[in-house]
Amino acid sequence: MPTNPQIRIPATYMRGGTSKGVFFRLQDLPDACQVPGEARDKLLLRVIGSPDPYQKQIDGMGGATSSTSKTVILAEPTQPDHDVDYLFGQVSIDKPFVDWSGNCGNLTAAVGAFAINSGFVAKDRIPEDGICTVRIWQANIRKTIVAHVPITNGDVQETGDFELDGVTFPAAEVQVEFMDPADGEGSMFPTGNLVDDLDVPGVGTLKATMINAGIPTIFVNAEDIGYKGAELQDDINSDPEALAMFETIRAHGAVKMGLIQNIEEAANRQHTPKVAFVAKPVDYVSSSGKNIGAGDVDVLVRALSMGKLHHAMMGTAAVAIATASAVPGTLVNLAAGGGDRTHVTFGHPSGTLRVGAEARQVDGQWTATKAIMSRSARILMEGWVRVPQTAQ
């Protein structure tokens, strides 16, 4: 039986926020994979261990969840006044498919550290002690993100006492600023409305806020679909009918947002848009057993990623939450109590998160100047990943 040797590729396995992914430098990839296309997608699928009909990704680096089936490619900056280009690939677990349509906000916190460690940031911009500002060009969505990475003795500081719900151990805090997070190619609210009536076959007509900020997101009221907003993963992910309902909402919302032409196209655009439901605060117990009081948060939010309820909150969806909360009259803003606000603390399945955003009206159109949140990141393993030669 003929065999093919494995090739090895320099790579780093990193946690960023509540996600994990395999990080590459573009120049370290095989030549055929240094440009977008089938060769690159096949390589990344094999690295992660997809497609896997068992949905375990045993034969790869993936962790069989949307939070752990991720890849990152960093390259020399293509834009002036930036340190690095950041390209994100969300790898499907059970399908031969890499979704390049959006960003991962959680892994953005790790991008800054990886850029420093990989030589993308000029040495004279890295302090001996203090904060290194890394200017990132997010190539998927063509936006600027600024990561503020702590430095100690000239090296990236990874350990610290910053706690992030959804992450077991404390680490160093990395503040991330998403500059002009709204979609630059159109309105932040693509339908022109803060709240729409979204007709969903088999579900009914739902009130929905559809926003392009951080990542395209569809927000609906929890009570309109039979939930309280305090649900944990098993409450949703163990219910096939619920998951099918959310996918139907997502597909029809994507059409109304102009992201796809028909609902059939949603199957090949799994990463975006996200669908989330919001509710006014109530007491609940998080997945870690932590008691979250109604007075601890402004609003409850649950969001789905790649067809499953997320264990915490996607970073880009947190940007969408922050931005929507800053616009009076959206469903997120109303659930948070309404009015003008520059920050919001929301409850998610793993706990709470505080995020900030600045939004204003210009010529009758809402726009966001930036959204801010804190995350943490650290290297889990570094060296090489190996894949069979035929995978490239």
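The legends below describe close-up views of a predicted model. Residues are numbered from 1 along each chain as its sequence is written, and side-chain values rest on heavy atoms, with hydrogens and water left out. In this predicted model, local features need pLDDT of at least 70 and side-chain atom pairs count only at pLDDT 80 or more, whereas totals for chains, interfaces and linings use all residues.

**Figure 1. The two domains and the area buried between them.** The chain is divided into domain 1 (6-181 + 377-388) and domain 2 (196-349), with bounds that come from an automatic or database domain assignment. Taken over C-alpha atoms, the centres of the two domains are separated by 25 Å. Contact, meaning heavy atoms within 4.5 Å, involves 21 residues of domain 1 and 22 residues of domain 2. The area buried between the domains is about 1600 Å², and carbon and sulfur atoms give 53% of this area. Buried area here is the accessible area (1.4 Å probe) that two parts lose on being put together, summed over both.

**Figure 2. Polar and charged pairs between domain 1 and domain 2.** One salt bridge is counted between the domains; the term denotes a side-chain nitrogen of Lys or Arg within 4 Å of a carboxyl oxygen of Asp or Glu. The side chains of D165 and K290 meet in a salt bridge with an N to O distance of 3.4 Å. Between the domains, 11 residue pairs are in polar contact, with both residues at pLDDT 80 or more. On the side of domain 1 that touches domain 2, the elements giving two or more residues are β4 and α2 (105-117). Strand β4 gives the most to this side, with three residues. The residues of this side of domain 1 divide into seven nonpolar, 11 polar and three charged. In this division, Ala, Val, Leu, Ile, Met, Phe, Trp, Tyr, Cys and Pro count as nonpolar, Asp, Glu, Lys and Arg as charged, and the others, Gly among them, as polar. A polar contact is a pair of N or O atoms within 3.5 Å; within protein, one must be able to donate a hydrogen and the other to accept it, and residues adjacent in sequence count only if both atoms are side-chain atoms.

**Figure 3. Surroundings of T18.** T18 is found in the loop between β1 (6-16) and β2 (19-25). Helices (H or I, at least four residues) and strands (E, at least two) are DSSP runs, numbered from the N terminus. With a relative accessible area of 9%, T18 is buried; buried means under 20% relative accessible area, exposed over 50%, and partly exposed in between (1.4 Å probe, protein chains only). Not counting residues up to four places away in sequence, T18 touches S67, N106, L164, D165, G166, V167, H310, H311, A312 and M313. T18 and N212 lie 194 residues apart in sequence and 22 Å apart in space, C-alpha to C-alpha.

**Figure 4. S69 and its side-chain contact with Q57.** S69 is located in the loop between α1 (38-48) and β3 (70-75). S69 counts as buried because its relative accessibility is 0%. The side chains of S69 and Q57 are joined by a polar contact of 3.0 Å. Leaving aside neighbours within four places in sequence, the residues in contact with S69 are I48, Q57, G89, Q90, V91, S92 and I93.

**Figure 5. Salt bridges involving helix α1.** K42 forms a salt bridge with E38, and their closest N and O atoms are 3.0 Å apart. K42 and E38 are separated by about one helical turn because they are four residues apart in helix α1. K42 is partly exposed at 42% relative accessible area, whereas E38 is exposed at 57%. In a second pair, the closest N and O atoms of D59 and R46 are 3.3 Å apart in a salt bridge. This pair links distant parts of the chain, with D59 in the loop between α1 and β3 and R46 in helix α1, 13 residues apart. D59 is exposed, at 57% relative accessible area, and R46 is partly exposed, at 30%.

**Figure 6. A network of salt bridges linking D83, R125 and R135.** R135 forms a salt bridge with D83, in which the closest N and O atoms are 3.0 Å apart. The pair links distant parts of the chain: R135 belongs to strand β6 (residues 130-138), and D83 to the loop between β3 and β4 (84-91), 52 residues apart. R135 is partly exposed, with a relative accessible area of 26%, whereas D83 is buried, with 6%. Across the whole structure, a search finds 12 salt bridges.
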